[in-house]
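Trainee: Please take one part of this model and go through it closely. I would like to see how that part sits among its surroundings.

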Amino acid sequence: MNLPKIPLGKGVEWIEDWLTAYFGPIFDFIHAVIGGMVSGIDAALNFLPALVLTLLIAALAYWIGKWRMALFAVVGLLLIDNLGLWGPSMQSLALVLTASLLAVVIGVPLGVLCAQSRTFQNIATPILDFMQTMPAFVYLLPAVSFFSLGVVPGVIASIIFAIPPTIRLTNLGIRQVSPELVEAADAFGSTAGQKLFKLQLPIAMPTIMAGINQTIMLSLSMVVISSMIGAQGVGAYVYRAVSQAKTGAGFEAGIAIVIIAILLDRLTQKLFKSKPQE
């Protein structure tokens, strides 16, 4: 049966051209803001010598996760510096922190809206399903069209790919707050803001932190993919090693990514567990 092809791709390209033509200044503004954030975080991470920053991170790891976490931070970060990957690793870390921060700033309020409105949740759920099932490479195409090449489209693609867990788990955490506690807050005359900030968010915080942890890990998983559109960092080393079939160089860059991933994962996991809510 020869049915005419639905011009879905041409429709998407038409929307892309229309957005580029009429919202160009907005994309330029977003490009400047995100580019400034990445540059600022990168400059802050490289402001101190590698050894000093390693000791500071180790002190933070000891405060959050005790001596085993601190020891891993020292050994892992010194290994990254020894491999000559400190600068690229800090570039990748700046990309991940920027994408994660923006994803949390956008995702938590959207999760709260989902929890407060079933209609909004019904609209958001299929969109989140679409965002999580679409291959990550596809996000690079519109990001490049709107923001050119470099680190900024990498951050945009990372945000789109990594934001669903924060929205979903914020929604889930607030919905799991005991109805009896909410009724008690209503009985004492609490406003909607007081219930949200003094009751629901504190109780839901472990679930929200689990979502933020997943968002950070997904952002980190985009480091190598983002390097394909010009984002610098340790991901570019992995991409270059793959394209040149240099197994050793690729393994070294991969180890650096693994160390950063373990540090970010353990620190964000233990950050809230070390301070249990009453």
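Mentor: Leaving aside neighbours within four places in sequence, Asn171 is in contact with Gly111, Cys114, Ala115 and Gln121. The model is a predicted one. Asn171 lies in helix H8. Its relative accessible area is 9%, and buried means under 20%, so Asn171 counts as buried.

Helix H8 covers residues 164–175, and it is one of the helices that the buried residues of H7 pack against. H7 is the part to look at closely. Helix H7 has 12 residues, 151–162. At 1.5 Å a residue they should span 16 Å, and the end C-alpha atoms of H7 are 16 Å apart, so the expected span and the model agree.

Is H7 mostly covered or mostly open? Of its 12 residues, 10 are buried, so to speak of H7 as mostly covered is fair. The buried residues are Val152, Pro153, Gly154, Val155, Ile156, Ala157, Ser158, Ile159, Phe161 and Ala162.

What do these buried residues pack against? Their partners are helix H2 (24–47), helix H4 (86–116), helix H6 (136–147), helix H8 (164–175), helix H10 (192–221) and helix H11 (223–227).

Take H10 from that list. Two packed helices are described by the angle between their axes and the distance between the axes. For H7 and H10, the axes come within 9 Å and cross at roughly 140°. That angle makes H7 oblique to H10. The crossing of H7 past H10 is right-handed. On the H7 side the contact is made by Ser158, Phe161 and Ala162, and on the H10 side by Thr215, Leu218, Ser219 and Ser221. Sorted by type, the residues of this contact are 3 nonpolar and 4 polar, with no charged residue. Ser158, Phe161 and Ala162 also appear among the buried residues of H7.

Now set H7 in the whole chain. The protein chain has 13 helices and 0 strands, and read along the sequence its pattern is α-α-α-α-α-α-α-α-α-α-α-α-α. Buried residues make up 42% of the 278 residues in the chain. Among contacts between residues at least 6 apart in sequence, 77% join residues at least 24 apart. Taken along the principal axes, the C-alpha atoms fill a box of roughly 65 × 65 × 40 Å.

Conventions:
Residues are numbered from 1 along each chain as its sequence is written. This is a predicted model: local features need pLDDT of at least 70, side-chain atom pairs count only at pLDDT 80 or more; totals for chains, interfaces and linings use all residues. Side-chain values use heavy atoms; hydrogens and water are left out. Helices (H or I, at least four residues) and strands (E, at least two) are DSSP runs, numbered from the N terminus. The expected span of a helix is 1.5 Å times one less than its number of residues. Buried means under 20% relative accessible area, exposed over 50%, partly exposed in between (1.4 Å probe, protein chains only). Contact means heavy atoms within 4.5 Å. Axes are lines fitted to C-alpha atoms, for helices over the stretch in contact, and angles run from 0 to 180 degrees between N-to-C directions. Angles under 35 degrees count as roughly parallel, over 145 as roughly antiparallel, 65 to 115 as roughly perpendicular and the rest as oblique. A crossing is left-handed if the near helix is turned anticlockwise from the far one by less than a right angle, and right-handed if clockwise. Ala, Val, Leu, Ile, Met, Phe, Trp, Tyr, Cys and Pro count as nonpolar, Asp, Glu, Lys and Arg as charged, and the others, Gly among them, as polar.
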